[in-house]
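This report describes one protein chain from its computed geometry, beginning with a local strand feature and widening to the chain as a whole. The sequence and the model are shown below.

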Amino acid sequence: MFRYAFIITKIRMTISKKVYIIINCFFLITIGCKSITKISQNVTLKAQKADYFADNGFGNAVAIVQHPSGVFHNGITYVCYQGPLEDPYVASYNHTTKEWKGPFKAGISQMGKDPNRKKKIDNHGKPALLIDDEGYIHIAFGGHGGTHEDGENPLGNHHYGKNLHAVSKKPLDISSWETLDNISLFGTYSQFVKMDNGDIYLFYRHGAHRSDWVYQKSVDNGVSFNKPVSFLKHKRRTEIEAEDSWYPWVSKGNGDDIIVAFDYHICRDNKNAQDARGHIPERHNVYYMVFDTKTGDWKNVKDERLKMPLTKEMADEKTLITSTDLDWTFQGVTDVDPKGNPQVIMLVGPDIGEKRSGPKRLQHFRWNGQAWIKSKNSDLPRGNGDLEVKSAKEVSIYLESDTNGDVGEISRWDSFNGGESFNKRTVFLRRKNSSFVISSLIDNPHPDARIIVGEKEEGSDYRKMYLLGDSGPIKRNKNKTIFEKPTINKFNN
Ligand code: ZN
């Protein structure tokens with residue numbers, strides 16, 4: 001009996017030992033499987049491609065006004081945008097090796113750090129980018145007019161932020177940056193232009209709404225800049241309670257020319273007897289002028305010299321393309337054909353009695369040598385865009401638009417009759433339930449990288465950032481597109 005019991009126990013022990021071993025084996029296999037799963041997940045993630053290059057665009061991460069946001073140089077496209085905490089970020093893409101670098105934080109903006117500010121994201125200080133003749137990369141960023149703590153603004157009023165200039169520590173290397181103290185901190189809406197001789201012009205508004213527009217010139221690759229020179233004058237109006245204010249968009253023309261499209265902001269007092277709405281983003285008219293950087297003269301389209309800084313009266317007399325009457329305007333853009341005849345686009349929409357206008361549509365204007373021709377361009381959908389003029393007849397508009405109300409699209413529209421009619425040629429990106437913010441066209445663009453786009457997402461201040469060209473978005477390994485996204489509160493604590 002005892003013997004039997006012993007044997008049974010032994011058998012039981014053996015069984016439980018076997019079970020133990022089996023369980024152990026199973027456990028090890030499971031762990032092994034798990035590791036394998038993990039590894040394969042990593043492999044999958046690595047292999048997975050995203051069509052965006054970064055997920056940390058912030059607010060209106062790019063816009064047409066602050067430009068260029070990108071430059072193509074020696075086989076590489078360099079791009080910049082507003083990232084977390086409104087700081088400027090720079091990334092690059094090598095078209096030969098297909099390698100992405102960055103984004104790297106290129107400076108620290110004074111804006112975007114105050115959790116108590118009423119306007120959560122200011123958006124005015126997003127960067128503009130330029131590469132000088134020695135290969136150093138420059139950005140201007142962070143400004144919205146400066147504050148009273150910065151002292152008197154000799155050319156306008158104050159608001160917020162500090163316009164700063166950062167430069168890469170090494171040529172064509174976006175990984176490390178130095179912020180210099182050589183431009184006016186009162187600037188906002190920075191726009192860089194480099195001429196063929198290497199001279200650099202930084203255009204900006206010297207303060208808040210009630211400020212002159214100026215440029216600062218550098219002849220030593222941005223090591224130093226001359227003092228700001230006004231070209232559009234702000235001033236008090238006498239017959240109504242308002243000031244003259246401006247929104248130019250500045251770009252390189254042919255040869256030594258810099259070309260400017262602009263509209264007028266009637267900057268009403270908050271309390272005024274003319275309009276019960278008070279101060280509203282009311283802008284009118286379409287203007288054009290040219291800066292001959294060789295002679296230093298400013299001219300209208302008829303080659304007549306202009307007295308600078310340009311006043312509202314002189315602008316109306318000498319540089320007007322069209323009066324939009326009661327209609328409101330937004331964001332002009334200009335380009336010039338090889339013969340020197342300019343074309344201009346401007347968003348125009350009706351005054352609907354509210355603090356914003358009704359829907360704005362792009363209007364296209366072409367100087368034919370004698371007069372400004374307003375195109376019908378009725379087939380262009382609603383949206384904001386940039387203009388590329390190949391000849392008097394051959395024109396393209398790169399457009400961000402909402403089709404059917406819920407599909408965001410970035411597309412190129414071509415005209416072969418000087419803007420009279422446009423046909424959709426290429427769709428670069430299309431997303432349901434999305435809308436986009438777009439940059440100006442990249443300077444000297446590679447066909448695969450023409451424009452930078454941020455995708456607005458419901459319920460988030462962050463944007464996926466895309467680099468778009470004729471082959472659609474430039475892709476990147478998905479695990480390389482995810483970046484830290486600090487909150488304002490976290491930063492302050
Ligand atoms: Zn104003």
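## The β23-β24 hairpin

In this predicted model, β23 and β24 form a hairpin with 4 residues between them. Gly369, in the turn, has a positive phi of about 105°. Strands, like helices, are DSSP runs numbered from the N terminus (E and at least two residues for strands; H or I and at least four residues for helices). The two strands of the hairpin run antiparallel and are joined by 3 bridges; two strands pair if DSSP finds at least two bridges between them. Trp367 stands opposite Trp372 in β24.

On burial, 6 of the 7 residues of β23 are buried, so this strand is largely enclosed by the rest of the structure. A residue is buried if 20 or more other C-beta atoms lie within 10 Å of its own, exposed if 12 or fewer, and partly exposed in between, with C-beta atoms placed from the backbone.

## The sheet β21-β22-β23-β24

The hairpin strands belong to an open sheet of 4 strands, in the order β21-β22-β23-β24, with antiparallel pairing. β21 (328-336) and β24 (372-374) stand at the edges; each has a single partner strand, so one side of each is left without a neighbour in the sheet. Neighbouring strands of this sheet are turned by 25° against each other on average, direction ignored. Such angles are taken between axes, which are lines fitted to C-alpha atoms (for helices over the stretch in contact), and run from 0 to 180 degrees between N-to-C directions.

β22 (residues 342-349) pairs with β23 (residues 361-367) in the antiparallel sense over 6 bridges. Two facing pairs can be named here: Gln343 stands opposite Arg366 in β23, and Val344 has Phe365 of β23 as its bridge partner.

## The sheet β7-β8-β9-β10

Another open sheet of 4 strands has the order β7-β8-β9-β10, and its pairing is antiparallel. Its edges are β7 and β10 (173-180), each with a single partner strand, so one side of each lacks a neighbour in the sheet. The twist from one strand to the next averages 30°.

Between β7 and β8 (residues 137-144) there are 4 bridges in the antiparallel sense. Leu130 has His138 in β8 as its bridge partner.

## Ile121, in the loop before β7

Ile121 lies in the loop between β6 (99-105) and β7 (128-131). Is this residue buried or partly exposed? Ile121 has 17 other C-beta atoms within 10 Å and is therefore partly exposed.

Leaving aside neighbours within four places in sequence, Ile121 is in contact with Phe58, Gly59, Glu86, Gly112 and Asp461. Contact requires that the C-beta atoms of two residues, placed from the backbone, lie within 7 Å. Ile121 and Phe58 are 63 residues apart along the chain, and their C-alpha atoms are separated by 8.5 Å.

## Tyr201 and Tyr215

Tyr201 lies in β12 (residues 200-205), and Tyr215 is in β13 (residues 213-218). Tyr201 counts as buried because it has 22 C-beta neighbours inside 10 Å. Tyr215 is also buried, with 22 other C-beta atoms within 10 Å.

Residues up to four places away in sequence aside, Tyr215 touches Tyr201, Leu202, Phe203, Val229 and Phe231. With the corresponding exclusion, Tyr201 is in contact with Val193, Tyr215, Lys217 and Ile258. The C-alpha atoms of Tyr201 and Lys217 are separated by 4.6 Å, with their positions 16 residues apart along the chain counted as their spacing. For Tyr215 and Leu202, 13 residues apart along the chain, the C-alpha separation is 5.3 Å.

## The chain and confidence in the model

The chain has 3 helices and 33 strands. Of its 493 residues, 47% count as buried. Among contacts between residues at least 6 apart in sequence, 55% join residues at least 24 apart.

The mean pLDDT, the predictor's confidence in each residue from 0 to 100, is 91 for the chain, and 89% of the residues reach 70 or more. Over residues 1-15, pLDDT stays under 50 and the model has 0 contacts beyond four places in sequence. Residues 25-33 likewise have pLDDT under 50 and 0 contacts beyond four places in sequence.

Residues are numbered from 1 along each chain as its sequence is written. In this predicted model, local features need pLDDT of at least 70 and side-chain atom pairs count only at pLDDT 80 or more, while totals for chains, interfaces and linings use all residues.
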